[in-house]
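Q: Please take a close look at the ligand site in this structure. Walk me through what surrounds the ligand, then show me what else stands out along the chain.

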Amino acid sequence: MSTLSISLPGGTWALGDLTVTRFGYGAMQLAGPWVMGPPADRDGALAVLREAADLGITHIDTSGAYGPHITNQLIREALHPYSGSLRIVTKVGAVRDQEGGWPPARRPEDLRRAVHENLRDLGLETLDVVNLRLGDAQGPRSGSLAEAFETLVELQRQGLIRHLGVSNATAEQVAEARSIAPIVCVQNMYNLAHRQDDELIDELAEQGIAYVPFFPLGGFTPLQSSALTAVASRLEATPMSVALAWLLRRSPNILLIPGTSSVAHLRENVAGAGLPLSDEDLAELDEIGR
Ligand SMILES: NC(=O)c1ccc[n+]([C@@H]2O[C@H](COP(=O)([O-])OP(=O)(O)OC[C@H]3O[C@@H](n4cnc5c(N)ncnc54)[C@H](OP(=O)(O)O)[C@@H]3O)[C@@H](O)[C@H]2O)c1
């Protein structure tokens, strides 16, 4: 892979025995509107993926539910055969319905099917990391993950999955998963304005487990805050740059997976995440989510 990865902001992180750049790419935005169907600009979507690889990004986040299947197929078309350093992290545990909803699908047979579909669509024999997606579209929900997680552990033993993680999980579910098998990452909603996982992030950092915030830029609702705008204009930067740079500074175990369907935005985000923030900037930004 490109030596350019050295200049990506944030350096690298180890997901178990797999090294990834802390600046990654979330591929969800590559599917059609509301993550259903094919993209309006197929060549543009393929170009974003190739640009991510050319920039030296070695962590792509995806799911068979994006499209469904579309995003994984685009990744395969753009990047297969994959570079030896590229790591594709996927998630199972939800499917799509006719209305574009995300109903849970966490019975053992659902999970086995999803893992095999990911392998097929991505053109892989082993998935680098599989997150068990819990909760629902409204957020985490309490309840045991044992049966579902044990199913993934079984698939891991069969050699179909290298490492496991959980997503949209409560702290109790993270602890329950860890009591069953090692995990390398937790992927939950978190950004400058949504700080509900602050404590969990610090605990995971101590354990060497990555925390991967989804919606780092606010997702479908861009982050809006007068304090963020003030810091951004003082630094002559965009609010998106400040939000990403803040996440990289927040904790060493945070991995970025901002989503975009635009090559220009991808480049902007890579450059923006490296924005230097002073202690004064950080103090001001810290107040947003308090
Ligand atoms: N585990 C889960 O349940 C879960 C849930 C949601 C997402 N995810 C993962 O997390 C990743 C990130 O989340 P996300 O993509 O939904 O949200 P996000 O990264 O917070 O924001 C993406 C949005 O920001 C816009 N954007 C990005 N860079 C921009 C820039 N420089 N200037 C202006 N607009 C910009 C994108 O539009 P453009 O396309 O126009 O750039 C898109 O609308 C996803 O790709 C997915 O892999 C996981």
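**The ligand and its surroundings**

A: Start with one contact: an N or O atom in the side chain of Ser261 is 2.7 Å from an oxygen atom of the ligand. The model is predicted. Two further contacts involve ligand nitrogen. Asn269 places a polar side-chain atom 2.9 Å from a nitrogen atom of the ligand. For Tyr66, a polar side-chain atom lies 3.4 Å from a nitrogen atom of the ligand. The protein buries 86% of the 910 Å² that the ligand exposes when taken alone.

Now widen the view. The ligand is surrounded by 25 residues. Ser261 is among the closest, together with Asp61, Leu217, Thr260 and His265. What kinds of residue make up this shell? It divides into 10 nonpolar, 11 polar and 4 charged residues. Helix α9 spans residues 263-273 and gives the most to the shell, with 3 residues. The space that the ligand takes is the largest pocket.

Next, look at charge pairs. Side chains of opposite charge can pair when their charged atoms come close. The count of salt bridges in this model comes to 17. One of them joins Arg42 and Glu77, whose closest N and O atoms are 2.1 Å apart. This pair links distant parts of the chain, 35 residues apart. Arg42 belongs to helix α1 (residues 42-54), while Glu77 belongs to helix α2 (residues 70-79).

Finally, follow the backbone. Most residues other than glycine have a negative phi, and most peptide bonds are trans. Three places in this model depart from that pattern. The peptide bond from Gly67 to Pro68 is cis, with omega near -20 degrees. Pro68 sits in the loop between β4 (59-61) and α2. Another cis peptide bond runs from His80 to Pro81, with omega near 0 degrees. Pro81 is found in the loop between α2 and β5 (87-92). Then comes Trp34. This residue is not a glycine, yet its phi is positive, at about 55 degrees. Trp34 lies in the loop between β3 (25-26) and α1.

To retrace the route, return to the ligand. Ser261, Asn269 and Tyr66 each bring a polar side-chain atom to it. Helix α9 leads the shell with its 3 residues. Away from the ligand contacts, Arg42 and Glu77 link α1 with α2.

How values were computed
Residues numbered from 1 in each chain as written. Predicted model: local features only at pLDDT ≥ 70, side-chain atom pairs only at ≥ 80, totals over all residues. Heavy atoms only, no water. Near = heavy atom within 4 Å. Polar contact = N/O pair within 3.5 Å; in protein donor to acceptor, adjacent residues only side chain to side chain. Areas by Shrake-Rupley, 256 points an atom, 1.4 Å probe, with all protein chains shown as cover. 1 Å grid on protein atoms, 1.4 Å probe; cavity = no way out; pocket = protein on both sides within 12 Å on 5 of 7 lines; lining within 4 Å. Sits in = over half its atoms within 2 Å of the grid points. Helix = DSSP H or I, 4+ residues; strand = E, 2+ residues; numbered from the N terminus. Nonpolar A, V, L, I, M, F, W, Y, C, P; charged D, E, K, R; others polar. Salt bridge = Lys/Arg side-chain N within 4 Å of Asp/Glu carboxyl O.
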